[in-house]
Amino acid sequence: MTPIEVHGLRKTYGGFTAVDGISLSVAAGEIFALLGPNGAGKSTTIEILEGHRRRDSGDVLVLGEDPGLAGRRWRARIGIVLQTATDAADLTVRETVRHYARFYPTPRDPDEVIASVGLTSKAGALVRTLSGGQRRRVDVALGIIGNPALVFLDEPTTGFDPEARRQFWALIRSLAADGTTILLTTHYLDEAAALADRLAIIAGGRVVADGTPSTVGGLAQAQATVTWRDSAGLHEVRTDTPNTVVGTLPPDALDLQIRRPSLEDVYLDLIGARS
Ligand SMILES: Nc1ncnc2c1ncn2[C@@H]1O[C@H](COP(=O)(O)OP(=O)(O)OP(=O)(O)O)[C@@H](O)[C@H]1O
């Protein structure tokens, strides 16, 4: 069974079309990233897949069921990390995670989950005393405590420091390696490049490109730009074979640079952020 299958998804708010015919499929154990500017329709899409929002039209199957109709057993197989942080009652990290574990038929071990999000040293601290990034890690812990087959992560690492982000990436990779399917939205292109097996770039409610982080939008075929400076000035050459160009440079060439388009270049072109 394909964990996520979406075809022709549409959602309007009043007269405004937020999602305008999105189709995508995510395979078991795959990490799939949705990228796109603010207001592109990522959260609306993910909320429909979570069963938190109704669609206007389109076919949606999540773990084999229509999220608009699925019941508690389906919900227990899904982990969700929302954009907004969990309300922190007067509970410690360990109490909070244990409390949530009781909602699921086959939860993971709370202490193991706390360790996997790097919060062991804060397990006894009240959640409301944690920093923003630490609270976000509690959100992630609550998203995976139910041992879900599928995890939705809406901008999961916002507010994480660089080390915490890398620890989080390792956690997500290990979940995927164990067969968990991951759908995440992110504004960090390095996060998508580091984590995603496949990704879709969404703009104006439509998928404008999809593929792997190294091939999306024609990245694999894109030419390299070689720049250098010599006594005649600055030179720039676009080429498929940068090594050959470098081999022909004069001995006084300085400041040699070979640059290939990055995911960020492709992304900015596709969303029309530059001409
Ligand atoms: N409840 C709502 N009522 C009316 N319009 C809405 C509602 N929710 C979202 N929208 C609009 O739908 C569009 C898509 O919003 P959505 O939250 O899906 O975008 P997003 O890609 O997740 O953005 P961000 O990156 O800022 O989280 C936006 O223009 C937003 O203003």
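In which strand does Asp255 lie? I shall open with that residue and return to the rest of the chain afterwards. Asp255 lies in strand β12. Please bear in mind throughout that this is a predicted model. The phi angle of Asp255 is near 50°, a positive value in a residue other than glycine. Its surroundings are sparse in the following sense: Asp255 has 9 C-beta neighbours inside 10 Å, so it counts as exposed. The strand as a whole agrees with this, because the number of buried residues among the six of β12 is zero, and β12 therefore lies largely in the open.

Let me now place β12 among its partners. Strand β12 covers residues 254-259 and runs antiparallel to β10, to which four bridges join it. Two of the residue pairs may be of use as you follow the model. Arg229 has Leu254 as its bridge partner in β12, and Thr227 has Gln257. Strand β10, residues 224-230, also pairs with β11, residues 233-239, again in the antiparallel sense and over seven bridges. The connection from β10 to β11 is a hairpin through two residues. Within that pairing, Thr225 stands opposite Arg238 of β11.

Ahead of β12 there is a loop that deserves a brief word. Leu249 is placed in the loop between α8, residues 242-247, and β12. Is Leu249 buried, partly exposed or exposed? Leu249 has 15 C-beta neighbours inside 10 Å and so counts as partly exposed. Although 20 residues separate Leu249 from Arg229 in sequence, their C-alpha atoms are 10.0 Å apart in space.

I turn to the overall layout. The chain has 275 residues, of which 33% count as buried. It contains nine helices and twelve strands. Two domains are assigned: domain 1 spans 4-217, and domain 2 spans 223-259. Their centres, taken over C-alpha atoms, are separated by 43 Å. Along the principal axes, the C-alpha atoms fill a box of roughly 70 × 45 × 35 Å. One pair of residues gives a sense of these distances: Thr106 and Asp230 are 124 residues apart along the chain, and their C-alpha atoms are separated by 67 Å. Thr106 lies in the loop between α3, residues 93-101, and α4, residues 110-116. With 9 C-beta neighbours inside 10 Å, Thr106 counts as exposed. As for sequence separation in the contacts, among those between residues at least 6 apart, 66% join residues at least 24 apart.

Next, the interior. In soluble globular proteins, nonpolar side chains tend to be buried together. Here the largest nonpolar core has 58 residues, and those with the most contacts inside it are Ala33, Ala141, Phe152 and Leu199. Which residues does Leu199 contact, leaving aside its neighbours within four places in sequence? They are Phe32, Ala33, Leu35, Ala192, Asp210, Pro213 and Val216. Ala33 thus appears both in this list and among the core residues with the most contacts.

The ligand is the next topic. Around the ligand stand Tyr13, Ala18, Gly36, Asn38, Gly39, Ala40, Gly41, Lys42, Ser43 and Thr44. By class, this shell has three nonpolar, six polar and one charged residues. Helix α1, residues 42-49, supplies the largest share of the shell, three residues. How is α1 itself situated? Seven of its eight residues are buried, so α1 is largely enclosed by the rest of the structure. The buried residues are Lys42, Thr44, Thr45, Ile46, Glu47, Ile48 and Leu49. Lys42 and Thr44, both in the shell around the ligand, are thus among the buried residues of the helix. Just after α1, Gly51 takes a positive phi of about 85°.

I close with a second positive phi in a residue other than glycine, that of Asn147, near 60°. Asn147 lies in the loop between α5, residues 132-144, and β6, residues 150-154. It has 18 C-beta neighbours inside 10 Å and therefore counts as partly exposed, whereas Asp255, with which I began, counts as exposed.

Terms used:
Residues are numbered from 1 along each chain as its sequence is written. This is a predicted model: local features need pLDDT of at least 70, side-chain atom pairs count only at pLDDT 80 or more; totals for chains, interfaces and linings use all residues. A residue is near a molecule or strand if its C-beta atom, placed from the backbone, lies within 6 Å of it. Ala, Val, Leu, Ile, Met, Phe, Trp, Tyr, Cys and Pro count as nonpolar, Asp, Glu, Lys and Arg as charged, and the others, Gly among them, as polar. Domain bounds come from an automatic or database domain assignment. Two strands pair if DSSP finds at least two bridges between them. A nonpolar core is a set of buried Ala, Val, Leu, Ile, Met, Phe, Trp, Tyr and Cys residues joined through C-beta atoms within 7 Å. A residue is buried if 20 or more other C-beta atoms lie within 10 Å of its own, exposed if 12 or fewer, and partly exposed in between; C-beta atoms are placed from the backbone. Two residues are in contact if their C-beta atoms, placed from the backbone, lie within 7 Å.
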